[in-house]
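Hello,

Here is the model we spoke about. My notes on it follow below.

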Amino acid sequence: MRETFSASRLGMVDSVNIIGLEATLAAYTQDGEWKTAMLRYPESNRDFLSDEINRRFPSINVIKAEGTFLAWLDCTALKLESDPQTYFLGNGKVGFSAGSEFGPDYANFIRLNFACPRALLVEGLDRIERALKATNSRP
């Protein structure tokens, strides 16, 4: 079971050390202005992402995240030549989690982590746009 779990991480999740565990404990048990400010940033990115996807790519449906920093993007209407994760990695050099990893019903979805610097989020959106334009797919 441990081998299956480790293999499923695909190198995306590493082990946590004692400092990380203590920091997590402090984050959950101690409230303060830092926590409020820290939560505002990904919330702001979530709203920005949703607005930008709706403006730039009306064919992509954003499932607005609640309680997480991961957004699901439904790319079904794009009718891509391959699954969206493979398409955007190959054509835009932007990596997402493949929806298919969460079951066959999500094969046309990608999962995007928006808990990052805004500039990185904008760069990812620009790469999506360039990939779709380069292959004549409608945004």
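How many positive and how many negative side chains does the chain have, and how far apart do the centres of the two sets lie? There are 16 positive and 18 negative side chains, with 5 Å between the two centres. Please keep in mind that this is a predicted model.

On the overall fold: the chain holds 5 helices and 4 strands, and their order along the sequence is α-α-α-β-β-α-β-β-α. Along the principal axes, a box of roughly 50 × 40 × 25 Å takes in the C-alpha atoms.

On packing and surface: the chain has 139 residues, of which 29% count as buried. Among contacts with a separation of 6 or more, 61% come from residues 24 or more positions apart. The exposed area of the chain is about 9300 Å², and 55% of that is supplied by carbon and sulfur atoms.

I also looked at one residue in more detail. Thr 29 belongs to helix H2, which covers residues 18-29. Thr 29 counts as exposed because its relative accessibility is 57%, and the cut-off for exposed is over 50%. A polar atom of the Thr 29 side chain lies 2.8 Å from the backbone oxygen of Leu 25. As for the start of the chain, Met 1 is 28 residues from Thr 29 in sequence, and the C-alpha atoms of the two are separated by 32 Å.

Regards

Definitions and conventions:
Residues numbered from 1 in each chain as written. Predicted model: local features only at pLDDT ≥ 70, side-chain atom pairs only at ≥ 80, totals over all residues. Heavy atoms only, no water. Helix = DSSP H or I, 4+ residues; strand = E, 2+ residues; numbered from the N terminus. Buried < 20%, exposed > 50% of the residue type's maximum accessible area, 1.4 Å probe, protein only. Contact = heavy atoms within 4.5 Å. Areas by Shrake-Rupley, 256 points an atom, 1.4 Å probe, with all protein chains shown as cover. Lys, Arg positive; Asp, Glu negative; His and termini not counted. Charge placed at Lys NZ, Arg CZ, Asp CG, Glu CD. Polar contact = N/O pair within 3.5 Å; in protein donor to acceptor, adjacent residues only side chain to side chain.
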